[in-house]
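Me: I have a structure in front of me and some labels I want to understand. Can we go through them?

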Amino acid sequence: MVATAKSVLVVDDEPNIMLSLQYLMKQAGYQVRLARDGEEALAAVAANPPDLVLLDINIPKRNGYEVCQAIRADDRFKSVRILMLTAKGREVEIEKGLALGADGYETKPFSTRALAQRVKEMLEMERA
């Protein structure tokens with residue numbers, strides 16, 4: 001039996017970051033979809049829930065905190081993991097993201113190798 005590839009939704013409004021994350025996740029063997037803003041992200045999750053969302057905080061229409069909160073408020077998506085990815089690295093911002101239900105938090109700039117490893121670990125964890 002062949003395991004289907006895990007899916008990752010990359011949510012960022014910066015084209016260069018989207019492209020590099022898309023490439024990185026595809027290299028790691030994941031199916032990748034992209035969203036450029038909060039509304040697109042929520043529509044993508046509702047249409048086909050990914051295994052993990054790489055979520056920037058500073059995105060148009062609905063910010064990453066609002067997207068995280070909306071995903072967590074819907075029981076259909078409780079298995080979706082959320083890794084916030086942002087330039088905002090202050091302790092208060094990290095705590096807010098985790099309090100809203102993010103499973104992890106990475107600050108930019110990030111090591112691509114470390115990020116790929118973090119995604120792998122998060123996808124292997126069982127979500128309660």
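Me: Why is arginine 118 called partly exposed?
Reply: Its relative accessible area is 23%. Buried means under 20%, exposed over 50%, partly exposed in between (1.4 Å probe, protein chains only). So arginine 118 is partly exposed. This is a predicted model: local features need pLDDT of at least 70, side-chain atom pairs pLDDT 80 or more, while totals for chains, interfaces and linings use all residues. Residues are numbered from 1 along each chain as its sequence is written, and side-chain values use heavy atoms, without hydrogens and water.

Me: What makes arginine 118 and glutamate 106 a salt bridge?
Reply: The rule asks for a side-chain nitrogen of Lys or Arg within 4 Å of a carboxyl oxygen of Asp or Glu. Here N to O is 2.5 Å. The pair therefore meets the rule. Glutamate 106 has a relative accessible area of 18%, so this residue counts as buried.

Me: Why is lysine 61 called exposed?
Reply: Its relative accessible area is 64%, so lysine 61 is exposed. Its salt-bridge partner is aspartate 37, at 3.6 Å, N to O. Aspartate 37 is at 8% relative accessibility, so this partner counts as buried.

Me: How do you know that aspartate 12 is buried?
Reply: Aspartate 12 has 1% relative accessibility, so the label is buried. Aspartate 12 forms a salt bridge with lysine 108, with the closest N and O atoms 3.0 Å apart. The two are 96 residues apart. Lysine 108, at 19% relative accessibility, also counts as buried.

Key:
Helix = DSSP H or I, 4+ residues; strand = E, 2+ residues; numbered from the N terminus.
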